[in-house]
Amino acid sequence: MKKISKYLYSCLPLLMVLAVFFLVPNLFALMQILFPGAFLFRLLGPAGNPNSPDYLNLISTIMYACALIPVTCWYFFGIYQKHSSRRRGSFGPSTVGPVVFLALGVSHSLTLLFMIMSIFIPDALNSYNNLIEDSGMLNYSVLWFISTIILPPLVEELTFRGITMHLFQKAGAPFWIANILQALLFGVFHMNLVQGIYAFFLGILLGYLVKRYNSLIASMTFHAFFNFFGTWLSDLESRYFDDYLNFLAMIVGIILTVYALYRIKKTTRPRSGNWG
């Protein structure tokens with residue numbers, strides 16, 4: 001019973017972030033209704049207008065910024081300071097290359113997963129594509145960069161690979177189980193079937209990177225570049241690539257993914273222990 005309670009406690013970071021993500025946009029909308037001419041909304045400028053194409057990026061930025069505060073405090077005071085003797089990782093400027101190549105390879109390898117989804121869950125895939133178009137993720141701006149490239153890797157890596165995976169291991173789960181469980185919660189976090197499926201596989205890969213490098217910076221770097229390649233680069237390729245080039249990019253992506261994983265495994269020595 002005690003172990004079950006520890007496993008349930010490991011889900012608390014997810015619930016905390018989801019609570020922030022629920023409260024912030026609703027409070028923001030309520031404030032706009034009650035105080036439409038308030039100084040805050042004049043300060044936000046055009047992006048504060050709900051009809052602005054950058055409005056959703058603004059909301060996302062505020063949500064992630066608000067979530068960053070509690071997860072950073074939890075990770076820093078609850079985990080990082082207590083494991084100072086094991087916090088030295090092997091990730092640095094000389095090891096960025098394989099992680100970036102891995103992000104590029106995986107972002108293109110996912111085409112295969114999307115092809116499979118188009119066969120088994122076509123309606124869900126169509127809904128996902130519509131969601132991406134309406135989400136503001138393709139409205140490139142400073143707010144887009146912050147809300148897509150900067151803040152999500154920080155918040156999500158601290159939450160799932162930094163806190164959640166550590167809590168599962170602390171509860172007694174070996175790394176491979178803790179990694180699967182945090183990846184499962186990472187998929188649930190996205191609240192979308194298609195995103196949830198590929199986020200689950202990405203979560204496992206991100207947990208693996210943290211284990212290999214003993215550093216959250218590694219998974220944050222991968223996450224940031226993956227988001228960049230999966231939005232801006234993917235959008236650019238969709239404009240100029242035909243079906244043949246998209247298929248070729250997928251094959252190259254799979255090869256690049258395998259090679260990058262080989263290089264990472266060959267050049268890293270994961271440390272023992274349950275700190276990610």
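**Figure 1. Helices α7 and α9 pack at an angle of about 65 degrees.** In this predicted model, the partners are α7, spanning residues 142-170, and α9, spanning residues 193-213, and their axes lie 11 Å apart. An angle from 65 to 115 degrees counts as roughly perpendicular, so α7 is roughly perpendicular to α9. The crossing of the α7 and α9 pair is right-handed. On the α7 side, look for Glu157, Arg161 and Met165; on the α9 side, the contact is made by Gly203, Leu206, Gly207 and Val210. Sorted by class, this contact of α7 with α9 holds three nonpolar, two polar and two charged residues.

**Figure 2. Helix α9 also packs with helix α11, at an angle of about 25 degrees.** Here α11 covers residues 243-267, and the two axes are 10 Å apart. Angles under 35 degrees count as roughly parallel, so α9 runs roughly parallel to α11. The crossing of α9 and α11 is left-handed. To find the contact in your own viewer, pick out Leu205, Tyr208, Leu209, Arg212 and Tyr213 in α9, which meet Leu261, Ile264 and Lys265 in α11. The class count for the contact of α9 with α11 is six nonpolar, no polar and two charged residues.

**Figure 3. Helices α4 and α7 pack with their axes 9 Å apart.** The angle between α4 and α7 is about 30 degrees, and these two helices are therefore roughly parallel to each other. Their crossing, like that of α9 with α11, is left-handed. By class, the contact of α4 with α7 is made up of 19 nonpolar, eight polar and one charged residues.

**Figure 4. Thr164 is a buried residue of helix α7.** The relative accessible area of Thr164 is 0%, and buried means under 20%, so Thr164 counts as buried. A polar atom of the Thr164 side chain lies 2.7 Å from the backbone oxygen of Thr159. Setting aside residues up to four places away in sequence, Thr164 touches Ser10, Pro13, Thr159, Gln182 and Leu185. Cys66 is 98 residues from Thr164 along the chain, and the C-alpha atoms of the two are separated by 19 Å.

**Figure 5. Asn192 sits in the loop between α8 and α9.** Helix α8 covers residues 175-189. Asn192 has a relative accessible area of 19%; the cut-off for buried is under 20%, so Asn192 is buried. The side chain of Asn192 reaches the backbone nitrogen of Val194 at 3.1 Å. If you leave out residues up to four places away in sequence, Asn192 touches Tyr128 and Leu131.

**Figure 6. Thr257 belongs to helix α11 and is buried.** Its relative accessibility is 13%. For Thr257, the polar partner to look for is the backbone oxygen of Gly253, which lies 2.8 Å from a polar atom of the Thr257 side chain. Beyond the neighbours within four places in sequence, Thr257 is in contact with Leu102, Gly105, Val106 and Ser109.

**Figure 7. Pro50 lies in the loop between α3 and α4.** The flanking helices are α3, residues 39-44, and α4, residues 55-80. Pro50 has a relative accessible area of 48% and exposed means over 50%, so Pro50 counts as partly exposed. Not counting residues up to four places away in sequence, Pro50 touches Gln32 and Tyr55. If you zoom out to include Ile255, 205 residues from Pro50 along the chain, the C-alpha atoms of the pair are separated by 43 Å.

**Figure 8. Arg269 is found in the segment after α11.** With a relative accessibility of 67%, Arg269 counts as exposed. For a sense of distance, Arg269 and Phe186 are 26 Å apart in space from C-alpha to C-alpha, and 83 residues apart in sequence.

Definitions and conventions. Residues numbered from 1 in each chain as written. Predicted model: local features only at pLDDT ≥ 70, side-chain atom pairs only at ≥ 80, totals over all residues. Heavy atoms only, no water. Axes fitted to C-alpha atoms, helices over the stretch in contact; angles between N-to-C directions. Helix = DSSP H or I, 4+ residues; strand = E, 2+ residues; numbered from the N terminus. Parallel < 35°, antiparallel > 145°, perpendicular 65-115°, else oblique. Left-handed = near helix turned anticlockwise from the far one by under 90°. Contact = heavy atoms within 4.5 Å. Nonpolar A, V, L, I, M, F, W, Y, C, P; charged D, E, K, R; others polar. Buried < 20%, exposed > 50% of the residue type's maximum accessible area, 1.4 Å probe, protein only. Polar contact = N/O pair within 3.5 Å; in protein donor to acceptor, adjacent residues only side chain to side chain.
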